[in-house]
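Please look at the sequence and the three-dimensional view before reading on. The report then takes up a few features in turn.

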Amino acid sequence: MEGNLIRCQNGHLFSSRRYGTICPYCNIETATREKKDVEKTQEDIEELLFLEEERPVCGWIVCIRGPRKGKDYKVMDGKNFVGRADDMDIQILGDNKIDRRNHAVIVFDAKKQENMLLPGDGNGLVYLNDEAVYVPQNLNPYDVIEMGESKFLFIPFCGEHFMWEDDK
């Protein structure tokens with residue numbers, strides 16, 4: 001347990017496993033330490049990364065207000081679950097008013113070439129252009145998504161003007 005505790009520059013002690021490298025008390029990014037895997041060589045690591053299936057980016061959300069202002073998050077093909085937990089597709093740290101799990105779902109449907117915003121199954125509400133989202137809503141370029149104390153601008157990549165080629 002002690003190995004995953006970090007102290008921020010303001011002296012707050014917190015779990016890196018739970019909060020990553022951002023202090024949950026003052027939202028300050030702490031210095032990250034490089035983790036070295038002594039059992040694998042650099043070539044082994046590169047080979048493993050090469051073998052991982054690459055999921056190409058289909059869009060982004062960019063934080064325009066809140067603790068992570070300026071940070072971007074990739075939107076991939078299919079469902080992208082949004083929350084603070086480690087297993088979320090889009091993990092947003094630093095805003096404790098965003099549910100840990102499934103605050104919202106951002107979907108890119110390659111077949112229909114459309115982006116959608118769905119409410120999550122958590123307690124928190126999600127807003128699209130200042131309107132609460134209770135049912136799936138179409139996402140358009142530069143729409144504003146609000147969760148917790150943060151606002152995000154939606155930037156599509158795939159759709160009418162570009163689609164990744166299906167190599168299968």
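The sections below describe a sheet, two cysteines, a group of aromatic rings and a surface patch in this predicted model.

## The open sheet

Strands of a sheet pair through backbone hydrogen bonds, and this pairing can be either parallel or antiparallel. In this structure an open sheet of 5 strands runs in the order β6-β5-β7-β8-β11, and its pairing is mixed. The edge strands are β6, which covers residues 90–91, and β11, since each of them pairs on one side only.

Going through the sheet from β6, the parallel sense comes up where β5 and β6 pair over 2 bridges, and here Gly83 has Gln91 in β6 as its bridge partner. Strand β5, made of residues 78–83, also pairs with β7, in the antiparallel sense and over 5 bridges; within this part of the sheet, Phe81 stands opposite Val105 in β7. Strand β7 (residues 104–109) is in turn paired with strand β8 (residues 114–119), again in the antiparallel sense, over 6 bridges, and Ile106 stands opposite Leu117 in β8.

## Two cysteines without a disulfide

How many disulfides does a search of the whole structure find? The search finds 0 disulfides. Cys58 is in no disulfide, and the nearest cysteine sulfur to its own, that of Cys158, is 3.9 Å away. Cys158 is likewise in no disulfide, with the sulfur of Cys58 as its nearest cysteine sulfur at 3.9 Å. Because a disulfide is counted when two cysteine sulfur atoms lie within 2.5 Å, the distance of 3.9 Å does not qualify this pair.

Are these cysteines buried or exposed? Cys58 has a relative accessible area of 3% and is therefore buried, and Cys158, with a relative accessible area of 5%, is buried as well.

## A cluster of aromatic rings

A search of the whole structure finds 5 aromatic pairs. In one of them, the rings of Phe157 and Phe162 have their centres 4.9 Å apart and their planes at 45°, so the pair is tilted. Phe157 also pairs with Trp164, where the ring centres are 5.9 Å apart and the planes stand at 50°, so this pair too is tilted. The word "tilted" applies because planes under 30 degrees apart count as stacked and those over 60 as edge-to-face, while the rest are called tilted.

Together, Trp60, Phe157, Phe162 and Trp164 form one aromatic cluster. Among its members, Phe157 is partly exposed, with a relative accessible area of 32%, and Phe162 is partly exposed at 33%. Trp164 is also partly exposed, and its relative accessible area is 41%.

## A nonpolar patch on the surface

Which residues form a nonpolar patch on the surface? The patch consists of Leu125, Tyr134 and Val135, which together have about 320 Å² of accessible area.

Val135, one of the residues in this patch, has its place in the loop between β10, at residues 131–132, and β11, at residues 137–138. The strand that follows this loop, β11, is also one of the edge strands of the sheet described earlier. Val135 counts as partly exposed because its relative accessibility is 49%, and the class called exposed begins only over 50%.

Note on methods
Residues numbered from 1 in each chain as written. Predicted model: local features only at pLDDT ≥ 70, side-chain atom pairs only at ≥ 80, totals over all residues. Heavy atoms only, no water. Patch = residues over 30% accessible without salt bridge, like charges linked within 9 Å, V, L, I, M, F, W, Y side chains within 5 Å. Areas by Shrake-Rupley, 256 points an atom, 1.4 Å probe, with all protein chains shown as cover. Salt bridge = Lys/Arg side-chain N within 4 Å of Asp/Glu carboxyl O. Helix = DSSP H or I, 4+ residues; strand = E, 2+ residues; numbered from the N terminus. Buried < 20%, exposed > 50% of the residue type's maximum accessible area, 1.4 Å probe, protein only. Pairing = 2+ DSSP bridges. Phe/Tyr/Trp six-rings, centres within 6.5 Å; stacked < 30°, edge-to-face > 60°.
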